[in-house]
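Q: Could you take a close look at a single part of this structure and walk me through it? Please keep to plain terms and link the part to what surrounds it.

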Amino acid sequence: MQIPFVDLSREATLLTDEIKNEIELVLRSGNFINGPKVKLFEEKFADFCGVENAISVGNGSDGLTFILKSLNIGKGDTVVCPANSFIASAWSIIAAGATPIFCDVNDDLQLNVKHLSDIVLPSTKAVMGVHLTGQLCDVKEISKFCVKNNLFFIEDAAQAIGAANPEGLKSGSFGIAASFSLHPLKNLSVYGDGGIITTNDSEIAKKVTLLRNHGLENRDKSKIWGFNSRLDEIQAAIGLIKLKYIDKWTDRYIEIAKLYSEKITEKVTKPLTKPGYKDVYHNYIIKVPEISRGKIMRELSKVGIETKIHYPIPLHLQECAKSLGYKEGDIPNTELFAKSMISLPIFPLLKNDEVDYVIENLNFIVNNLSF
Ligand SMILES: *Cc1c(COP(=O)(O)O)cnc(C)c1O
């Protein structure tokens with residue numbers, strides 16, 4: 001059997017007819033940018049997240065930058081983000097003109113709030129909480145910390161559409177604003193690049209709406225220096241189709257994760273969950289001893305199972321981050337996990353016999369290793 005880490009063509013094939021029809025309608029409408037599909041998608045997305053405003057943008061990273069800029073965060077300011085994240089969490093801060101400060105993570109891979117208090121500086125204006133792997137970061141404690149220290153709490157919700165707390169509040173509704181990615185690999189995706197910002201703050205909504213569209217407040221007048229970073233009508237039409245399936249597909253992510261968690265050997269560390277929280281498993285990450293990770297991944301590959309690492313190089317150790325002055329050993333948990341994590345295949349159209357095949361082979365490999 002060959003089990004891809006993710007196979008986007010399965011879903012695309014399933015939706016081909018529906019998508020063809022919608023694209024044809026957009027073509028016939030002659031509206032390609034700033035049109036009605038985008039507006040409708042934004043309304044439905046805001047409803048889904050339980051927020052007042054959703055503003056689509058060209059990608060999730062720009063969304064983060066625009067949020068920072070709308071809060072007047074820039075030169076001379078610092079913003080905290082976890083060292084265990086995708087590089088965009090950090091470069092979006094750089095792009096706004098500010099400087100990232102990297103925070104360590106807990107065993108659940110989410111931002112460590114205790115470490116936060118050690119690293120904030122007088123120049124710190126915001127904390128970017130990343131809902132990594134589709135699990136909410138500690139929104140309660142981060143919010144509390146931010147209120148106490150007069151900081152903005154921004155959510156990088158790129159991986160976590162639909163993730164919720166026990167009260168049913170969803171990602172994108174906890175911070176001053178949040179950015180989601182609609183990249184093809186994310187849980188709600190379009191067939192190209194895309195992103196969307198959510199916020200209950202009407203001033204931020206207004207500012208990011210200007211920022212994404214040349215700073216234009218009407219056809220001719222630019223109020224502020226802007227960017228060109230928009231979702232287009234065709235991608236919005238695809239997003240509208242995908243939104244109809246998001247609950248069903250999220251349930252499937254959860255179902256696969258449950259099978260993994262129930263049946264994978266206790267010799268590996270499985271994702272930590274908090275009772276009552278809804279995690280949407282953008283990734284399903286196990287941890288294994290550092291010395292055996294390479295071997296386990298190679299053995300899985302030999303039997304046709306593709307795995308990945310999210311992420312093998314912590315943000316503070318990336319070459320581009322050199323000038324920030326971090327060194328190995330500075331952020332210990334993140335560095336340890338970077339050497340011990342393995343992401344297993346997970347996507348809604350992964351079949352049960354494929355899930356079983358992953359479980360059986362992983363268990364066999366791990367049980368026959370001498371750790
Ligand atoms: C994907 C991702 C982003 C960036 O989203 P793009 O739409 O690719 O720009 C930002 N943060 C995290 C955590 C992501 O996974």
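**The second largest pocket and its surroundings**

A: Sorted by class, the residues lining the second largest pocket are five nonpolar, five polar and five charged. The model is a predicted one. The pocket has a volume of about 320 Å³, and 15 residues line it. Nearest its centre lie Val-38, Lys-39, Glu-42, Thr-209 and Arg-212.

Three elements, α2, β1 and α7 (202-211), each supply at least two residues of this lining. Helix α2 gives the most, with five residues.

Two of these elements also meet outside the pocket lining. Helix α2, residues 36-49, lies across β1, β6 (177-181) and β7. Its direction is at about 130° to β1.

Strand β1 in turn leads to the sheet. This is an open sheet of seven strands in the order β1-β7-β6-β5-β4-β2-β3, and its pairing is mixed. β1 (53-57) and β3 (99-103) are at the edges with a single partner strand each, so one side of each has no neighbour in the sheet. On average, neighbouring strands here are turned by 25° against each other, direction ignored.

The partner of β1 is β7, residues 195-199; the two run antiparallel and are joined by five bridges. Within this pair, Ile-55 stands opposite Ile-197 of β7. In general, strands of a sheet pair through backbone hydrogen bonds, either parallel or antiparallel.

To sum up, β1 supplies at least two residues of the pocket lining, is joined to β7 by five bridges, and has helix α2 lying across it.

How values were computed: Residues numbered from 1 in each chain as written. Predicted model: local features only at pLDDT ≥ 70, side-chain atom pairs only at ≥ 80, totals over all residues. Heavy atoms only, no water. Pairing = 2+ DSSP bridges. Helix = DSSP H or I, 4+ residues; strand = E, 2+ residues; numbered from the N terminus. Axes fitted to C-alpha atoms, helices over the stretch in contact; angles between N-to-C directions. Contact = heavy atoms within 4.5 Å. 1 Å grid on protein atoms, 1.4 Å probe; cavity = no way out; pocket = protein on both sides within 12 Å on 5 of 7 lines; lining within 4 Å. Points joined across faces, edges and corners; volume = space filled by probe spheres on them. Nonpolar A, V, L, I, M, F, W, Y, C, P; charged D, E, K, R; others polar.
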